[in-house]
Amino acid sequence: MAGLPAAHGSEPGQVRKEAATAILCECRGLGSPPIFLVHFLVSNPYRDTVTQVLARKWRPRNFTQLVGQEHVVRALTNALRQQRLHHAYLFTGTRGVGKTTIARILAKSLNCEQGITDAPCGICGACTEIDTGRFVDLIELDAASNTQVDNMRELLENALYAPTSGRFKVYIIDEVHMLSRNAFNAMLKTLEEPPGHVKFILATTDPQKIPVTVLSRCLQFSLKQIPQLQIRDRLSTILESENVAADVVSIALIARAAEGSLRDALSLLDQAIAHGGGQLDEESTRAMLGAVDQTYLFTVLDALAIQDGAALVAIVDVMAERSLSFEAALQGLGTLLHRLALAQIVPNAIADSDPDQVRILQLSQKFSAEEVQLYYQIANQGRAEIGLAPDEYAGFMMTLLRMLAFSPEGIANKPLGVQSEPVPYVKPVATIGAVAKPSLQQTGEQSMASAGADPSAWNQLVSQLGLNAMAKQLALRCELVSRSAERVELRISAAEERLFDQATREKLIQALKQHLGAGVVVKFISGKSEGVSPKALTERKAAEAQKAAVVQIQQDPFIQELISDFGGAVDHSSIKSHLTQQEDKQ
Ligand SMILES: [Zn+2]
């Protein structure tokens, strides 16, 4: 799609920030009856040779059109109605939430020829000139490109002169935190004793970097990120007015990708419409956003639910073939897990209109709350580390393998017969992570205790600490070496220690301090483990029970008869010990 001249008229300031997308599109719908075709030709603005960028066309021109900043609008309109005017305003908030939009509306409110008002008329000379960026008494400055003190001096010297045509000279300084220290000092003088005809409107994404002396002279408003639902509503309204065909999934995808910024949402909408040839459809929107098709992520979670490593590898390979972004996939996985957690606690929170509702509710049944929390943490951590991975493929795969390895419930209570290959009972893999449910039988493990500390006591302590999923995994891999009133020593194998970061260790330490007293010193010893960690004990217990079950089956006279009479063989993987059977029933 060729880039066309951006728009009619010119508007200052944020043009550079908006995607300068202009769209010339082909008329679709040749199969439709002629009457519809005509209607389409007439009313679809994307047939125009030059279209305005949506973000600019739909930029709010007054306070009532503004979306998502009701608290700020209420305060400003009240002040304007009561003519309680301040000489300096500061708007803070992340990009695209409406800082400069509010600043311009405020400039119109102050200068509208109808009088100072909370509802500028939009038709007088001042209003229209401000809307088109031609008003001489509105000076917009981008601090990012004018950081020097000389720019500021020049600006402030000018402030002394009375406004040319308006009531007030309004200075909008965007990204004000970028000003140099000297520039701030120069500004401070004017901020302290401003001429009556001067209003400062400052905007920043980073208020921390503004000197306190400046902050204290401004009336500060913090703008919040706009909730997805409000962005969705706004997009739907705009699409309807623009007569652009759209589906709910695409709108939801764009609203999500905009991350709280309406301006980003509109820019993305422009691009998505261009990408979709004048309409919004799910497939091209996903392609444009680089959003990973949810079905891949559902398949990943399905495979995790049944601990099917081979299926995980297969789906990752399919994703690699399609050149999907693995970073986006991790983000999508995090979002999906968040929704699973939500579905587990408040099933009604997944709206009926949500296209994924059924699958989300189904999946939420397959995982425990603890598993969802753990996977969510691992997905986020994987995303943070993906830049360090040898490549995105490896980073994504390792994250999924970590989820598989850390499954708190283990495979013992999952439906069997779904592993791609039968797992011989001797391999500890068969009981990997059958950990999180320390059974009462473990209290009988006294004989395994190392000198000085009772492993079952540690197991009990862990269950009382109220740890989060990751810290619990760490605790279950630790062995209690010694414990006194002042000191707890824990041993963990070097290989397992590497699985956990400092923050997780810190969480365990804090939990122990909270439980045993703030003065307790917790020491981790890295070394060869003695096989008495709660995890090792549970694994051994399960392996022994499994072994016993196999022996029992093999010695069964009836089975021996079957084998000798029919030349059969026992499929070991089909044998379940009483332990696994118990868990199956749960
Ligand atoms: Zn006006």
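**Two sheets and two helix pairs**

Okay, let's start in the middle of a sheet: strand β1, residues 88–92, and strand β4, residues 198–204, run parallel and are joined by 5 bridges. If you want a spot to click on, take Leu 90, which sits opposite Leu 202 in β4. Before I go on, keep in mind that this is a predicted model.

So what is the order of strands in the open sheet of 5 strands? Reading across, you get β2-β3-β4-β1-β5, with parallel pairing. The edges are β2 (138–142) and β5 (219–222); each has a single partner strand, so one side of each has no neighbour in the sheet. On average, neighbouring strands here are turned by 15° against each other, direction ignored.

Now for the other sheet, further along the chain. This open one has 3 strands in the order β6-β7-β8, and its pairing is mixed. At the edges you'll find β6 (479–483) and β8 (521–526), each pairing on one side only. The twist averages 25° from one strand to the next.

Where does the "mixed" come from? As general background, strands of a sheet pair through backbone hydrogen bonds, either parallel or antiparallel. On one side, β6 and β7 run antiparallel and are joined by 4 bridges. A hairpin links β6 to β7 through 3 residues, and Arg 483 stands opposite Val 488 in β7. On the other side, β7, residues 487–492, pairs with β8 in the parallel sense over 6 bridges. There, Arg 487 has Val 521 in β8 as its bridge partner.

Right, helices. I've got two pairs to show you.

Pair one is α10, residues 248–257, with α12, residues 282–289: the axes are 8 Å apart and the packing angle is about 20°. That angle makes α10 roughly parallel to α12. The crossing of α10 past α12 is left-handed. On the α10 side the contact uses Val 249, Ser 250, Leu 253, Ile 254 and Ala 257, while α12 brings Glu 282, Thr 285, Arg 286 and Leu 289. Sort the residues of that contact by class and you have 5 nonpolar, 2 polar and 2 charged.

Pair two is α14, residues 309–321, with α18, residues 392–405. Their axes come within 11 Å and cross at roughly 160°, which makes α14 roughly antiparallel to α18. The handedness here is right-handed, as α14 passes α18. From α14, the contact takes in Gly 309, Leu 312, Val 316 and Ala 320; from α18, Tyr 393, Phe 396, Met 397, Leu 400 and Leu 404. How do the residues of this contact of α14 with α18 divide by class? They come out as 8 nonpolar, 1 polar and no charged.

Last thing, confidence, since somebody always asks. The protein chain averages a pLDDT of 78, and 78% of the residues score at least 70. Where does pLDDT stay under 50? One such stretch is residues 1–51, where the model has 75 contacts beyond four places in sequence. Another is residues 581–586, also below 50, with 5 contacts in the model beyond near neighbours in sequence.

That's my tour; if you open the model, a good place to begin is Leu 90 opposite Leu 202, then head over to the β6 to β7 hairpin. Thanks, everyone.

Technical notes:
Residues are numbered from 1 along each chain as its sequence is written. This is a predicted model: local features need pLDDT of at least 70, side-chain atom pairs count only at pLDDT 80 or more; totals for chains, interfaces and linings use all residues. Axes are lines fitted to C-alpha atoms, for helices over the stretch in contact, and angles run from 0 to 180 degrees between N-to-C directions. Angles under 35 degrees count as roughly parallel, over 145 as roughly antiparallel, 65 to 115 as roughly perpendicular and the rest as oblique. A crossing is left-handed if the near helix is turned anticlockwise from the far one by less than a right angle, and right-handed if clockwise. Two residues are in contact if their C-beta atoms, placed from the backbone, lie within 7 Å. Ala, Val, Leu, Ile, Met, Phe, Trp, Tyr, Cys and Pro count as nonpolar, Asp, Glu, Lys and Arg as charged, and the others, Gly among them, as polar. Two strands pair if DSSP finds at least two bridges between them. pLDDT is the predictor's confidence in each residue, from 0 to 100.
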